[in-house]
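Reader: I would like to go through how the two chains are arranged and where they meet. Please show the sequence and the structure.

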There are 2 protein chains.
Amino acid sequence: MRDVAVIGIGTSQFGKFPDRPFHTLGAEAVRKALSDAAIAPARIQVAYGSRIFLDQITAQVVLRDVGIAGIEMINVENACAGGATAVRCLWKDIATGVYDIGLAFGVESMTTSPIAGKLIAQGEDDIDAKLGSNMPVVFALMAKRLMETHGATAADFAQVSVKSHQAAALNPAAQYRKTLTVGEVLESRLIADPITLLQCCPNTDGAAAVVMCPLDMARTLGGRPVRVLASVLQSSDYFFRKRDLTSFDAGRSAAARAYEMAGLGPEDLDVVELHDAFAPEELVHYEDLGLCRPGDSVALLRSGATSLGGRVPVNPSGGLLSLGHPLSASGVRTVCDVVQQLRGEAGPRQKEGARIGLAQMLGGNVNGLEMGAAAIHIMARD
Amino acid sequence: MRDVAVIGIGTSQFGKFPDRPFHTLGAEAVRKALSDAAIAPARIQVAYGSRIFLDQITAQVVLRDVGIAGIEMINVENACAGGATAVRCLWKDIATGVYDIGLAFGVESMTTSPIAGKLIAQGEDDIDAKLGSNMPVVFALMAKRLMETHGATAADFAQVSVKSHQAAALNPAAQYRKTLTVGEVLESRLIADPITLLQCCPNTDGAAAVVMCPLDMARTLGGRPVRVLASVLQSSDYFFRKRDLTSFDAGRSAAARAYEMAGLGPEDLDVVELHDAFAPEELVHYEDLGLCRPGDSVALLRSGATSLGGRVPVNPSGGLLSLGHPLSASGVRTVCDVVQQLRGEAGPRQKEGARIGLAQMLGGNVNGLEMGAAAIHIMARD
């Protein structure tokens, strides 16, 4: 296996753009990533695209706009972890020497998708969903359990959203750039007790892209390469076998494997981007990622360690909650934001001296599965 | 790179099954492939699933039925070449040593899809399609050109369908098991001059799966491994740059690369399975694959060399035209059928002494592209 580096990152604006076809969002992100890497489109040898609400061949259509054609192109889908899956596939191609330079991107136009304005579709044959166990409900159950086992309060969950919005207010790419108070979050419309509207990620249109190559090559290209220390993707077991509502087995297992692959531990992380589709979820990931000891997630949040300026800022981008969540784009976007931190280019959201970061993305909490896909990438400043 | 072998194949029945959810079709094919390989589900380390009309996480949902969970699972889409893309991804993982045993499958339930009974959807932003250039029309233009440049007649195109139905009549898995005459094909309803209804592939529900591992391991497992000599996947250039309507540049280029990778030429092939979504198309592929010299495709068809019992039978399975075309399944199914031939297990459709075979699949003749994906796998009896 060769060491792999991220040499280019690019994201579109995140928000609601009903007049922009998906491929213009994708092309915007890809063009920025190529420009950031200072790589001509003709040097790209392989491309992975991800999108859930596809008609067909998303990658080919997006890359048509950029002038890339004739190469191996593969479209991947893995629910919210589709973009992370594209990154993982590209990493495999480069680490194993199948290709030298490639790109991975994710894109979603949710305002023009078939389910615009609705809850995310559940599986067509999903008995749990038919009985009412839709996405906010699953996370509400998790939140209720956290209140019982962890002493979490409604205000703690609201604080996750407050923290997220504080960061997004400083991020020019974010969908929502407004700070909130705990009171405002708690007073917003109740969605699934105890989750209120401002604890749910919005529907978002957006795209993100990365360019990757072997580390050796990256060093000769003279940019600011960020090294990929670990790339892990796995699915979960069935939901009905789940023993603990305050942990995702797949997320925990993927994290353990990623730390082993990277040869480091959670104490080495300077910055984390993770899947905060619903505010209470962030507390669960603190423990699954080992950012604190089991049972200590509420204390970790309250300590401010995961806020901007803290020991290990979590979602300094604003996260899914306030930067926005264009499903398949998010798993690439988290990688972009960690890379930006490791380059020291995150401006007012910069974690001082960040050397090692982790991008996590989960997806597919449907169809009787605990989690269809859990993906983790650990990266380091070269 | 390690040599890779196909050690298990499985297909569901092909046809119209409005009462069968897609995952039961997929699970049927996967179970058969595992049983054929004599591999327990727990030994599968990675899985690729393909489906166009997805809700989300097709692979995870299908494999839930089979009792496979917790491993890396990736869903791929590449229009009609989605299944071939799944095979290609799995081949890469095994050839490069990322994993040792994995499975790839494709599945489509077209009778329950959002476009059931309609023409295949074109891209949402596809100007050509909006002007009427839908799938049968593109192939009708190709057919008209073949009549002018190659001396092809309407009866020749009909003969492709007659040949296909002769094979499918002997294939228990086929959707249509009825022989046809040239007259019957020509007298069927005109779809896009000169293409009649019986020269178009049907809408089909079905699935296909393969299990693959390193050749060295396959030899110790004591089955009947088939060696993969070449695996190629590429996209095309734009349609408007196409200079010759009687060739697919992407198909031709993928074939040249596959022959080079396999270290052999088209004269070495004993059997071919290819993308015959519309009958005239088969003549184009004869030349793009090098089965005859440029201009000789009509003569090759008329000679009977590509019929059952001929020098190099093409689509002895019945092909998309009469075995059926469950989009993302077809690119896995063609691999299954070539493997069956190379094992000498194709019964009355067997090519005597078949040693080397080629499975080709194209997809994504939409959105201004000549072909979104062209995939070729060349295999040999071990």
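Author: Copies are superposed by least squares on the C-alpha atoms of residues with pLDDT of at least 70 in both. The model is predicted.

Reader: By what turn can chain B be laid on chain A, and what kind of axis relates the two copies?

Author: Chain B fits onto chain A with an RMSD of 0.0 Å, and the shift along the axis is 0.0 Å. The turn is 180 degrees. The copies are thus related as by a two-fold rotation axis.

Reader: Which residue of chain B comes closest to the rotation axis?

Author: The distance is taken at the C-alpha and amounts to 2.2 Å. Among the residues of chain B, the one that comes closest is Val76(B).

Reader: Which residue in β3(B) is the bridge partner of Val76(A)?

Author: Strand β3 of chain A, residues 72–77, runs antiparallel to β3(B), and 3 bridges join them. Within β3(B), Val76(A) has as its bridge partner Val76(B).

Reader: How many residues does each chain bring to the contact, and which element of chain B gives the most?

Author: Chain A brings 43 residues and chain B brings 43 residues. On the side of chain B that touches chain A, α2 (58–66), β3 (72–77), α3 (82–95) and β8 (226–234) each supply at least two residues. The element that gives the most, with 6 residues, is β3(B).

Reader: How many residues on the side of chain B that touches chain A are nonpolar?

Author: That side also holds 16 polar and 8 charged residues. The number of nonpolar residues is 19.

Note on methods: Residues are numbered from 1 along each chain as its sequence is written. Chains are lettered from A and ligands numbered from 1 in the order in which they are written. This is a predicted model: local features need pLDDT of at least 70, side-chain atom pairs count only at pLDDT 80 or more; totals for chains, interfaces and linings use all residues. Two residues are in contact if their C-beta atoms, placed from the backbone, lie within 7 Å. Helices (H or I, at least four residues) and strands (E, at least two) are DSSP runs, numbered from the N terminus. Ala, Val, Leu, Ile, Met, Phe, Trp, Tyr, Cys and Pro count as nonpolar, Asp, Glu, Lys and Arg as charged, and the others, Gly among them, as polar. Two strands pair if DSSP finds at least two bridges between them.
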